[in-house]
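Me: Please take a close look at one sheet in this structure, and then at the contact between the chains to which its strands contribute. I would like a single connected account.

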Protein chains: 2
Amino acid sequence: MRELDPPIRSRPIYEGRIVNLRESRYRRPDGMEVDREVMDHPGAVVMVPVEDEHVLLVRQPREAVERYTLELPAGKLDVAGEVPLEAAKRELREEVGRTAAAWRDLGGFYTAPAIITEYIHCFLATDLTEVPTTASAEEAIEVERRPFSDLPRLVEREVEDAKSLVGLLRLARMHGI
Amino acid sequence: MRELDPPIRSRPIYEGRIVNLRESRYRRPDGMEVDREVMDHPGAVVMVPVEDEHVLLVRQPREAVERYTLELPAGKLDVAGEVPLEAAKRELREEVGRTAAAWRDLGGFYTAPAIITEYIHCFLATDLTEVPTTASAEEAIEVERRPFSDLPRLVEREVEDAKSLVGLLRLARMHGI
């Protein structure tokens with residue numbers, strides 16, 4: 001894929017607990033200069049955990065959208081350089097209480113390339129073993145174990161989260177569902 | 001889907017050209033109060049434009065991720081209350097130079113429900129007619145018309161944008177590709 005140069009200058013706008021925002025000026029190959037507001041993000045992982053023809057999902061409060069959403073388990077990289085598979089293993093254990101003996105990289109994607117640097121690595125996790133979850137009370141996560149036969153209604157109606165739809169649509173595609 | 005109450009108080013952090021950021025406190029049904037950094041967004045549309053077993057994509061510079069990305073055409077609602085189909089018609093004309101006689105709502109989704117209010121409405125657009133594009137030079141959009149037979153490599157490798165993957169995976173699913 002063709003690349004763009006890093007910004008020629010940047011000005012921090014805000015550094016929060018989760019969000020870091022900056023304004024940066026970029027010069028394109030044709031010489032045009034453009035200013036962009038950019039949210040920095042260390043990257044994330046999303047997991048498609050499968051056991052006995054069921055997929056494990058999480059339901060949790062998402063204040064920004066004022067809903068409890070149904071999503072695939074996911075999480076941020078601890079630091080920008082963390083190995084994605086390590087983050088995936090940690091988050092799978094924390095959120096759904098499973099370890100996986102088999103992992104497969106399904107390919108990653110940008111959350112919103114117009115505004116956030118976040119890249120999400122997507123993994124299929126199989127050969128699962130149950131372990132205690134370690135999610136905090138604040139996360140308020142409920143695990144839902146759904147049969148493959150629910151995949152059509154999950155991808156057509158129930159799931160309204162972009163990264164989770166990508167993972168579930170890939171799972172459905174993989175199994176011809 | 002279960003809902004959460006709107007914030008009990010909010011503090012603006014930053015109002016930019018594209019981004020509005022606030023910190024808000026929410027009270028959950030169980031009484032727990034949590035603070036969240038939230039990016040406000042009016043919502044958006046993404047279109048899956050199909051003609052003669054080809055899908056129309058756009059390649060454009062995305063400074064935030066320092067890449068030229070291949071995406072489905074998309075755009076923001078002009079205002080939070082704009083009718084999504086009207087925005088879809090406008091953006092389809094602007095970005096790929098087509099009007100569509102047939103529109104189908106494929107169902108929407110949140111971009112990143114942990115942090116952004118953005119909801120993206122996804123439409124299939126068919127019965128296309130060519131018209132002049134009206135994208136600005138700054139957008140630097142190149143249209144790519146790709147046959148359905150490219151869908152597997154588009155969804156497995158070439159496209160790395162979450163909203164576009166959802167639209168293309170739905171198109172592939174619809175046609176059993």
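Reply:

**The three-stranded sheet of chain B**

In this predicted model, three strands of chain B form an open sheet in the order 1-2-3, with antiparallel pairing. Strand 1 and strand 3 of chain B stand at the edges and have a single partner strand each, so one side of each is left without a neighbour in the sheet. Neighbouring strands of this sheet are turned against each other by 20 degrees on average, direction ignored.

The pairing of strand 1 of chain B with strand 2 of chain B is antiparallel and extends over 6 bridges. Within this pair, Ser10(B) stands opposite Ser24(B), a residue of strand 2 of chain B. The connection between strand 1 of chain B and strand 2 of chain B is a hairpin through 4 residues.

On the other side of the order, strand 2 of chain B runs antiparallel to strand 3 of chain B, and 8 bridges join the two. Here Tyr26(B) has Val34(B), in strand 3 of chain B, as its bridge partner. These two strands also form a hairpin, with 5 residues between them. In that turn, Gly31(B) has a positive phi of about 95 degrees. As background, strands of a sheet pair through backbone hydrogen bonds, in either the parallel or the antiparallel sense.

**From the sheet to the contact between chains**

The contact takes 51 residues from chain B and 51 residues from chain A. The elements giving two or more residues to the side of chain B that touches chain A include the strands of the sheet described above: strand 1 (9-15), strand 2 (20-27) and strand 3 (33-40) of chain B. Also among these elements are strand 5 (54-62), strand 6 (67-71) and strand 9 (109-110) of chain B, together with helix 2 (151-158) and helix 3 (162-174) of chain B. Helix 3 of chain B provides the largest share of this side, with 8 residues. By class, the side of chain B that touches chain A has 27 nonpolar, 6 polar and 18 charged residues.

**How the two copies are related**

A turn of 180 degrees, with a shift of 0.0 Å along the axis, lays chain B on chain A with an RMSD of 0.0 Å. This is the relation of a two-fold axis. The same surface serves both copies, in that 100% of the contact residues of chain B recur in chain A.

Key:
Residues are numbered from 1 along each chain as its sequence is written. Chains are lettered from A and ligands numbered from 1 in the order in which they are written. This is a predicted model: local features need pLDDT of at least 70, side-chain atom pairs count only at pLDDT 80 or more; totals for chains, interfaces and linings use all residues. Copies are superposed by least squares on the C-alpha atoms of residues with pLDDT of at least 70 in both. Two residues are in contact if their C-beta atoms, placed from the backbone, lie within 7 Å. Ala, Val, Leu, Ile, Met, Phe, Trp, Tyr, Cys and Pro count as nonpolar, Asp, Glu, Lys and Arg as charged, and the others, Gly among them, as polar. Two strands pair if DSSP finds at least two bridges between them. Axes are lines fitted to C-alpha atoms, for helices over the stretch in contact, and angles run from 0 to 180 degrees between N-to-C directions.
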